[in-house]
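Hi,

Here is the structure I said I would pass on. Have a look at it first, and my notes on what turned up follow underneath.

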There are 2 protein chains.
Amino acid sequence: MTLTGNMLIGPHAICGSREAIRAINPATDQPLEPAYPGGTAEQVEQACALAWAAFDGYRETPLGARAEFLEAIADEIEALGDELIERAMAETGLPLPRIQGERGRTCQQLRTFARTVRAGEWLDVRVDLAQPQRQPLPRADLRQRQVPLGPVAVFGASNFPLAFSVAGGDTASALAAGCPVIVKAHGAHPGTSELVGRAVARAVKKCDLPEGVFSLLFGSGREVGIALVCDPRIKAVGFTGSRSGGIALCKAAQARPEPIPVYAEMSSINPVFLFPAALQTRGEGLAQGFVASLTQGAGQFCTNPGLVIARQGPALDDFIATAAGLVHRSPAQTMLTPGIFNAYQQGVGALAENAHAQRVVTGQTGTGPNQGQAHLFVTRAQDFLADQHLQAEMFGAASLIVQCANDEEIRQVTEHLEGQLTATLHLDDADLDQARALLPTLERKAGRLLVNGWPTGVEVCDAMVHGGPFPATSDPRTTSVGTAAILRFLRPVCYQDFPDTLLPAALKHSNPLQLRRLLDGQREA
Amino acid sequence: MTLTGNMLIGPHAICGSREAIRAINPATDQPLEPAYPGGTAEQVEQACALAWAAFDGYRETPLGARAEFLEAIADEIEALGDELIERAMAETGLPLPRIQGERGRTCQQLRTFARTVRAGEWLDVRVDLAQPQRQPLPRADLRQRQVPLGPVAVFGASNFPLAFSVAGGDTASALAAGCPVIVKAHGAHPGTSELVGRAVARAVKKCDLPEGVFSLLFGSGREVGIALVCDPRIKAVGFTGSRSGGIALCKAAQARPEPIPVYAEMSSINPVFLFPAALQTRGEGLAQGFVASLTQGAGQFCTNPGLVIARQGPALDDFIATAAGLVHRSPAQTMLTPGIFNAYQQGVGALAENAHAQRVVTGQTGTGPNQGQAHLFVTRAQDFLADQHLQAEMFGAASLIVQCANDEEIRQVTEHLEGQLTATLHLDDADLDQARALLPTLERKAGRLLVNGWPTGVEVCDAMVHGGPFPATSDPRTTSVGTAAILRFLRPVCYQDFPDTLLPAALKHSNPLQLRRLLDGQREA
C-alpha cells in the first residue's frame, strides 16, 4: 500500500491545500514521505456535513451490525500487517514489541467495545409502566433509553499512535455509542493515521454503513481543530494531549452558541506513596519497580510516576540511593517528537534551576537526536507546598521525591495535590491504618487508586477509570479507557405513552433485545 | 413557628448584613414580613468551609442511614403543617390544592430517592477479577464504584417553591449522591425557604450527621450566587431558572481555576405536533386539552406547550377557533412575582408587535396586580423559519401556532427548533408513518417525547427525563427530575489490587451490600 498524503472525507481521498505537515523520524530527525497538506475550512465543513447526514442512519443500526463494524475495523487493522508496524515505529521512535503490543491492545479494545455494544447495558433501559387507576392522578407509561449525542471530533494522542489515535479508545467508544467520528490526526504520525484511517474506511464500506460515519483530517496549527470543535454539527470532543491544548478546546466548545462537552485528558503526575513498613522491608524492590515504571517508553505515559511521597529517614535514603543507581545506569531513549523532547528538556531544566528542588541523578546520555535521559529530583514537603511549579508535569522519565518530616506533612502534601489520573500506595499490613487515613483524600484527588503496583499499564476492561479531577481531565465524571468510556457520548430520552409500533426496539413491550431493564424499580433477571 | 429572617450556616441561624430581600404577595403587591438580609462573602465562605468539613464523613454514611435522612427531611416538612402551605401560597399566589399537591410531590420525591439510595444501582459497581496467569501480562484486580463529587450549590426555582426549591429535586438528588448542599434561596419565597431549610436542619440533627451537610443562604443580586459557584470547595451546581441566569452561572463555573459542572434547566417552548388524522377526528378534544395544559398554573411551567405545529387547513382552523374560544373565556391568574409578570407582559407585547405573528385572542383580564392573561398567536412556517425571535420562551400562558403548508414545512420547522425539554405528538393510527418520519429529528431535539398527552406534569420516576439539548438545559446528558438525577453528582473511582480490608463496602469481595455487580462482564442476578 502506498501512502498518499490524502485526507479521508467519508470514503473520498481528498488532498488538503494548506501548509503540509510531515512526519519526522525522531531517531534521525529526518522527515518522512509523503507530505500531508492541511485541510481547509471547506473540507472541515464537508466532513461535518457528511457526518451529520450519516448520523440518523448510523445511530439506529442494530446492535449486532454496529458490533460487527467495530470487529471489522480490528480485522482491517490487523490486515495492514508489517507496513503499519514499520511506519508507526519510524514515526514515533517506539520499539517493535511496544508497537506490536499496542496494535494488539487497539484491536482488543475494538472487540471489547463490540461485546459491550451487543450486551446493551449502556442503553440503561428504564421502564415505568402505566398506572391508569392511580390516585389522585394516573401515571403514564414512561420508558427511557440512551441515544448518541451526535458526530464526535477526536484528537489523536502523540504517545499512543494506535491505541489512542485514529481508531483508538475515543473513536471506538464514540462509534460504539452510535456517533459518527471525525478524527483530526496527530501531526506526529500522519502516515500511521492514514493507514489506520483507510482501514476504518474499508470497514465502513464492508459493513455497508453511511459513508459519513468516519472521516480523517490533517492540519497543522489549530485551524482545522478549532473549526471542527466549533462546527454546529459536532456534539462532543475527545482529546488526549497537553493541558494548554485541552483547555483551548474546552474554551472553544464553551463559546459556541450551543456549548458541547469536551473530554480532554491532559496532565497528571501520578503520586506514589511509600508507607514506612513497605519501605523498610522491601525498599530495594520498590526502587526497582519504580525505576522500571518511570523509564518505560521513555516515560511518555499519562500515568508515569512523576511524584513519590514518603517519610524521610534511613529507609527512604536507601530507596533514593538504589533508585539513583538504577536511573544513573538507565539508557537514554528516543522520544516521540522533537517538540516533546524539547518540552521535556525545558521542564527538567526548569526544575534543575528551581531552588525548591535538587537533582539527585541523571541517566545515560544517548547518541543521535531527541534522546531523553531519565532524571530524579528530591524536595522537602515544605518546599513542595510553597511552590506550585513543583506540580508541573514533565512529560518524560523524570520524577520528584517529596521527603516528609511526619505524617502531618504527608497529609498536607496530599491535600495540596492537583487532580490526578492515579495515586499509588505501597504498603504492608503494618501500614494499613495510615493508608486508610489517607484514602478519603486520595479518592477526591484521583480516578484510579492502586495498591502495591505501578500506575503505568492501563487495562481495557469494565472497571477501569482513566480519568480524574481537573487538570487530569476536563470531566472527572468520565473515563477515557475501558467500556465505561461509551457513556461519554450518550444522553437519555424518555418516551411517554408511545404505541409499541413507534418505540425503538430497546423499549418495546416484548423486550426483543432481551435487555435487563429497570422495570418498575426492579432490575430484570 | 416564627419566621426569623435568618440564614442557616449548618445548624447556626445567622443574620446576613447585606441588602435585604422581602417576599411580595403577588396577589396584593404587599411586602411580607420578615426581611431577609443578604449574606456576605464571609458567610458564603463559612457555609462552604462547613460543607467541605462535612463531606468526607457524609459521603461514607451507610446507604440505610442516608436514606433515613432523606425520609426524615420529608417527615419534618410534613410536620410543618399549615404554616408552610399558607406561607407558600402568600409568597407565590399559587392556589391551595397546587401547594398541597406540590408538598406531597416534594416529600414523595425525597422518599423515592431514599429507595434509590438503598437499592444502590447508582453505585454502578464493576468488578474485573485478577487473572494472574494471563499471557502476555497478568491482569490486576480492578473494581469501580461511583463516589460523590463534593459540596453542591443549589439555586431554587421560582415556580416550584417546594418541589424545585430548598428541599426539591436538585437538593434531594445531591444529598442522595452523598454531597453536602448549600442552597441559595430564591428571592421570591424566602419565608417558605426558611421553613423548609429549618426542617432540613432538624433532620440533619435528628440523624446525627455532620452539621455542614446543609446550609441555606439568602442574597439579593448575584453576590452570593456567584461567590458560591466560584468557591473552590463547591464541585457542582444545580439551577432552574432563566436562560441568562443559567448561562451566567455556566460562565462563572467554567472560568474557575478548576471548572465544575453546572446543571442548569433554562428555557423550552415544548412543541406540540397535531397530525392530520388526529386533528380531523378529535380536534375539539385536542383544543380542550391544549388550553387546559396551556393555562394550568398561569402557564408557569418549564414544560408549558408554547408552540403548536400542524398543517394548515379547515381542521386546523377549527382547532384554532375552539382553542380561541376557550382562551378567550379563561380567567386571568395571579403570576408568581411582579418580575415574572412584567417579563411575561414584555414577551407577549413583543410578539404582538412582531409582523411575523398575529394575535388570535387574549384571555380575560383580572382585578388586582400581576394578573396574567392567556394569549394565543399564529404564524406561518416561513415566517417562523425567518425569525428566531419566534422561538423565545414567554414564561406564562402564551402559545404560538405554526401553520405549515405541507409536510416538508413541518420537517423544516422541526429541524429549525432549538433544544427542548419535551416534544408532543398527537396522532391516530393513520398518522403513524408521518410521526415515524419525524422521530429521529425529535429525538435530537428533546429529552422527553409524548404521544397523545400534554407535557405539563412531570412524573418523578426512574424513566423520567426532564432535560434536553441546549438551551433547554446546559447538559443534555442529564435529567433534573426522576431518580437518574442522582447520576449528575457522581464520578467513578477504580481500586486496583486493594486488600479487602481497605475496600469500601460496595466493592468488598463478599459483596455485603448485595449489589448486582457487573462481574467479569456479566451482570449478577
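**Two domains in chain A**

The C-alpha centres of domain 1 and domain 2 of chain A are 34 Å apart. For orientation, domain 1 of chain A covers 41-245 and domain 2 covers 271-451. Bear in mind throughout that this is a predicted model.

How many residues of each domain are in contact with the other? On the domain 1 side of chain A there are 11, and they are in contact with 10 residues of domain 2. Together the two domains of chain A bury about 750 Å², and carbon and sulfur atoms account for 59% of that area.

The interface between domain 1 and domain 2 of chain A has 1 salt bridge by the rule used. The partners E418(A) and R243(A) form a salt bridge in which the closest N and O atoms are 3.0 Å apart. Polar contacts between domain 1 and domain 2 of chain A come to 2 residue pairs, both residues of each pair being at pLDDT 80 or more. If you sort the residues on the domain 1 side of this interface in chain A by class, you get 3 nonpolar, 5 polar and 3 charged.

**How the two chains go together**

Now for the part I spent more time on. Chain B superposes on chain A after a rotation of 180 degrees, with 0.0 Å of shift along the axis and an RMSD of 0.0 Å. The two copies are therefore related as by a two-fold rotation axis. If you want to find that axis on screen, go to A525(B): its C-alpha is 2.9 Å from the axis, the closest approach of any residue of chain B.

Do the copies meet through the same surface or through different ones? They use the same surface, because 100% of the interface residues of chain B are also interface residues in chain A. In terms of contacts, 70 residues of chain B are matched with 70 residues of chain A. The area buried between chain B and chain A is about 6100 Å², with 54% of it on carbon and sulfur atoms. Three residues are worth picking out here: E443(B), R477(B) and L502(B) supply 12% of the area that chain B buries against chain A, more than any other three residues.

**Charged and polar pairs between the chains**

As a reminder, side chains of opposite charge can pair when their charged atoms come close. The rule finds 12 salt bridges across the interface of chain B and chain A, while the count over all chains is 68.

Two pairs to look at:

- R134(A) and E459(B) meet through their side chains in a salt bridge, at 2.6 Å from N to O. This pair joins two chains, because R134(A) sits in the loop between β7 (126-128) and β8 (142-148) of chain A and E459(B) in the loop between β22 and β23 of chain B.
- R477(A) forms a salt bridge with D475(B), where the closest N and O atoms are 3.5 Å apart.

Polar contacts across the interface of chain B and chain A number 48 residue pairs, again with both residues at pLDDT 80 or more. Which elements of chain B give two or more residues to the side that touches chain A? They are the helices α1 (41-59) and α14 (432-445), plus the strands β7 (126-128), β8 (142-148), β22 (446-451) and β23 (490-496). By class, that side of chain B has 37 nonpolar, 8 polar and 25 charged residues.

**A few backbone details**

Some local geometry to check while you have the model open:

- The peptide bond from Q135(A) to P136(A) is cis, with omega near 0 degrees. P136(A) is placed in the loop between β7 and β8 of chain A.
- E33(B) and P34(B) are also joined by a cis peptide bond, with omega about -10 degrees. You will find P34(B) in the loop between β5 (30-31) and β6 (36-38) of chain B.
- N370(A) is a residue other than glycine with a positive phi, near 55 degrees. The loop that holds N370(A) runs between β17 (358-362) and β18 (371-372) of chain A.

Cheers

Methods:
Residues numbered from 1 in each chain as written. Chains lettered and ligands numbered in written order. Heavy atoms only, no water. Domains from an automatic or database assignment. Contact = heavy atoms within 4.5 Å. Buried area = accessible area lost by both parts, 1.4 Å probe. Salt bridge = Lys/Arg side-chain N within 4 Å of Asp/Glu carboxyl O. Polar contact = N/O pair within 3.5 Å; in protein donor to acceptor, adjacent residues only side chain to side chain. Nonpolar A, V, L, I, M, F, W, Y, C, P; charged D, E, K, R; others polar. Least-squares fit on C-alpha atoms with pLDDT ≥ 70 in both. Helix = DSSP H or I, 4+ residues; strand = E, 2+ residues; numbered from the N terminus.
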